[in-house]
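User: I would like a close look at a single part of this model, followed by an account of the features around it. Please treat the matter in one connected answer.

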Amino acid sequence: MGRNLQLTSQQIALATIEFNATHRPMLVLRELYLLPPTATAPATVEFSISNKGEGHGTIIGADFRVAKEFGGAPLISAVQQIDPSPVGVTLDSGQMCPFSLTTDVEFNQFRNEANRVLWRSQGSDSYEKRPLRVVFVGRVVYVDRNQTVRRSSFHREYDFGKYRFGPGEDTEREYAD
């Protein structure tokens with residue numbers, strides 16, 4: 001009788017692991033908004049991380065920032081304070097958690113399109129016009145019920161004409177495990 005109980009327990013454990021592997025979490029970025037700077041406060045980016053998967057996920061690491069990019073390379077990319085800290089947050093299927101971060105990127109100076117262009121020298125007397133982009137980049141590292149480490153990465157570009165963040169040109173910089 002003891003041997004049958006042991007085998008049944010092993011089968012249940014394997015079935016649980018398989019169920020958790022096929023019903024996994026998938027954390028994604030949702031509701032990304034920019035609150036413009038005021039005379040007394042810097043610009044704030046509000047966003048939510050949502051679990052669109054079937055299992056729960058616990059965030060074990062996160063890094064978000066607003067940066068200026070010139071030809072895909074960040075010019076300013078200081079780590080910014082996220083409120084509240086996402087580390088330790090567990091999201092069940094369908095659950096969402098809001099966050100915000102303040103940034104020192106001066107959005108107002110880039111409203112004029114002429115200020116969003118940098119000229120790069122191509123030699124002694126030729127220059128190349130390169131766009132300057134303001135982007136929201138980040139990643140979330142989380143674990144599922146089986147303690148499998150998973151990652152989601154985000155890369156959104158600010159559209160000054162629409163006053164919002166949209167998908168960036170480089171789709172490979174945004175993914176979910």
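To begin with the part itself: is D63 buried, partly exposed or exposed, by relative accessibility?

Analyst: The model is a predicted one. In it, D63 has a relative accessibility of 22% and therefore counts as partly exposed, because the buried class ends under 20%. D63 forms a salt bridge with R65, and the closest N and O atoms of the two are 2.9 Å apart. R65, at 13% relative accessibility, counts as buried.

The search of the whole structure gives three salt bridges. A further one joins R150 to D144, with 3.2 Å between the closest N and O atoms; R150 and D144 are both buried. Another brings together the side chains of E174 and R156, at 2.6 Å from N to O. R156 belongs to strand β10 (residues 149-159) and E174 to the loop between β11 (164-167) and β12 (175-176), so this pair ties together parts that are 18 residues apart in sequence. E174 is partly exposed at 27% relative accessibility, whereas R156 is buried at 19%.

Aromatic contacts come next. There are eight aromatic pairs in the model. In one of them, the ring centres of F64 and F136 are 5.8 Å apart and the planes lie at 15°; the pair is stacked because that angle is under 30 degrees. F64 is in strand β3 (residues 57-70) and F136 in strand β9 (residues 127-143), so the contact links distant parts of the chain, 72 residues apart. F64 is buried, with a relative accessible area of 1%, and F136 is buried as well, with a value of 0%. F64 and F136 also belong to a cluster linked by ring pairs, whose other members are F47, F99, F154, Y158, F160 and F165.

The strand pairing can be described in turn. An open sheet is formed by four strands in the order β1-β2-β7-β5, with antiparallel pairing. Its edge strands are β1 (27-35) and β5, each of which pairs on one side only. From the β1 edge, seven bridges join β1 to β2 in the antiparallel sense, and L29 has I49 in β2 as its bridge partner. Strand β2 (residues 43-51) then pairs with strand β7 (residues 96-103) over eight bridges, again antiparallel; here T44 stands opposite T102 in β7. At the other edge, strand β5 (residues 82-83) runs antiparallel to β7 and is joined to β7 by two bridges, with L101 in β7 as the bridge partner of I82.

Notes:
Residues numbered from 1 in each chain as written. Predicted model: local features only at pLDDT ≥ 70, side-chain atom pairs only at ≥ 80, totals over all residues. Heavy atoms only, no water. Phe/Tyr/Trp six-rings, centres within 6.5 Å; stacked < 30°, edge-to-face > 60°. Buried < 20%, exposed > 50% of the residue type's maximum accessible area, 1.4 Å probe, protein only. Pairing = 2+ DSSP bridges. Salt bridge = Lys/Arg side-chain N within 4 Å of Asp/Glu carboxyl O.
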